[in-house]
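Work through the two exercises below with the sequence and the model at hand, and try each task before reading its solution.

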Amino acid sequence: MANRQIEIENKAMKEILIAMHNLGGQVTRKQVLQELHDNSKAFSEKEIDEVRISKKSGKEYHPFNWKFNFAVKHLILAGFIETDNGHDLELSKKGRTIDIDDFDADRDVRSISEIKMPHRKTTRVKFNSVPDSTNSNQDNSEDLEEPWRQQLLDTLIKMSPKKFELFCRGLLTKMGIDVDDEIGVQYVADGGLDGFGYVRSDDYRTTRVALQAKRWQGKVSAPEIDKFRGAMDKFNAEFGIFITNSDFTRDAVKTARQGTRIITLINGDQICDLVAKYNYYVEPITTYRLKSFYLDED
C-alpha cells in the first residue's frame, strides 16, 4: 500500500510541474488540480474523481486529493515550488528550469524532501478534515475548504430548475452582462437557451452571448455542449456560457474549446468563486484559523 502511494505521489509531482508550466508558473492549488483533471495524460478522469466513504466518519472524500497535496508538499520542501500561504503556488527558479523529460521524483525530490517532511502526528487537532481508512497519511494542514462553499453547492442542487436559471441569470448580470428580458425567461419555446445577453467590451463593440444552466447530479458531457452550440445558432450568439452546479467531463471541456465559437464553462467550484467575488446573495464575515504554532506539539 505504501509503495503504491509513493508511486502515485511521484507521478503526481511530475504532472504538477507540467501543469504549472502550462499555466504560467503562478497559480492556486485548485487551478493545478483542475488542470490535471482536464488535461493530465498520466491520471485518468476516473482516478481523479474517485470518491470513497470514510470508515471512521462516514463522510465522502477524494483519495487523489490528499495524494496530490502530499506531492505538492514534497515539491515545496525540495525547492521546486514556493508559497507564502500554502494556497498560492509559484515555480521557483529550480522549478522553472527543470528538465521535465529527465525528472525523477525519487532522485530530484524525495532525496531532499523526506528528511524535511514533518512527522505526521495523529494527535494533531484537525479542522474540517475528512479522514479515511489510512488517516495517518492524510495531510490536513493545507488548503482547507470553507464550509459555506459546500453549503452553497448543496443548496443549488435542491433548487428547482426555474430558480437555478434565475440564479444563473442574476449572477451573469452581476458580472456585467446585459441579460435579455425575454429570451430564456419563458422556460418554453426559448430555442433551448436558458438566457441571452450582450457584453460591451469597449466603446464600439457589443457581443451576443448565450447562457445554458444545468442543475445536474453528475458531470455534463460533450453531447450537451454540442446541443447548446446548436441552440446558439438560432440567436446568432457569438459565444456561450455554460453553467452547472457539478462539473464537466474532459470530452466536454475539449468540445467547448473547439470551433470558431468558444463556450465558457463554469462549474460548481467556480460558481462559488463568482458568488464570493460579486457578493451575490452572500454576506461576508471575518474569521480566523489557528496556525501551526498553536497546533504543533513541542
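**Exercise 1.** Determine how strands β9 and β10 run relative to each other, and what lies between them along the chain.

*Solution.* Begin with β9 (residues 239-244) and β10 (residues 263-266), which run parallel and are joined by 4 bridges; strands are DSSP runs of E with at least two residues, helices are runs of H or I with at least four, both numbered from the N terminus, and two strands pair if DSSP finds at least two bridges between them. One bridge partnership links I241 to T264 in β10. Next, add helix α10 (residues 250-257), which with β9 and β10 makes a right-handed β-α-β unit, meaning that the path from the first strand over the helix to the second runs clockwise when the strands point away from the viewer. Within α10, residues R250, A252, V253, T255 and A256 are buried (under 20% relative accessible area, 1.4 Å probe, protein chains only). Finally, G259, just after α10, takes a positive phi of about 80°.

This is a predicted model, in which local features need pLDDT of at least 70, side-chain atom pairs count only at pLDDT 80 or more, and totals for chains, interfaces and linings use all residues. Residues are numbered from 1 along each chain as its sequence is written, and side-chain values use heavy atoms, with hydrogens and water left out.

**Exercise 2.** Work out the strand order of the open sheet of 3 strands and find its edges.

*Solution.* The order is β1-β5-β4, with antiparallel pairing. β1 (26-28) and β4 (81-82) each have a single partner strand, so one side of each is left without a neighbour in the sheet. Between β1 and β5 (residues 88-91) there are 3 bridges, and T28 stands opposite D88 in β5.

How values were computed:
Buried < 20%, exposed > 50% of the residue type's maximum accessible area, 1.4 Å probe, protein only.
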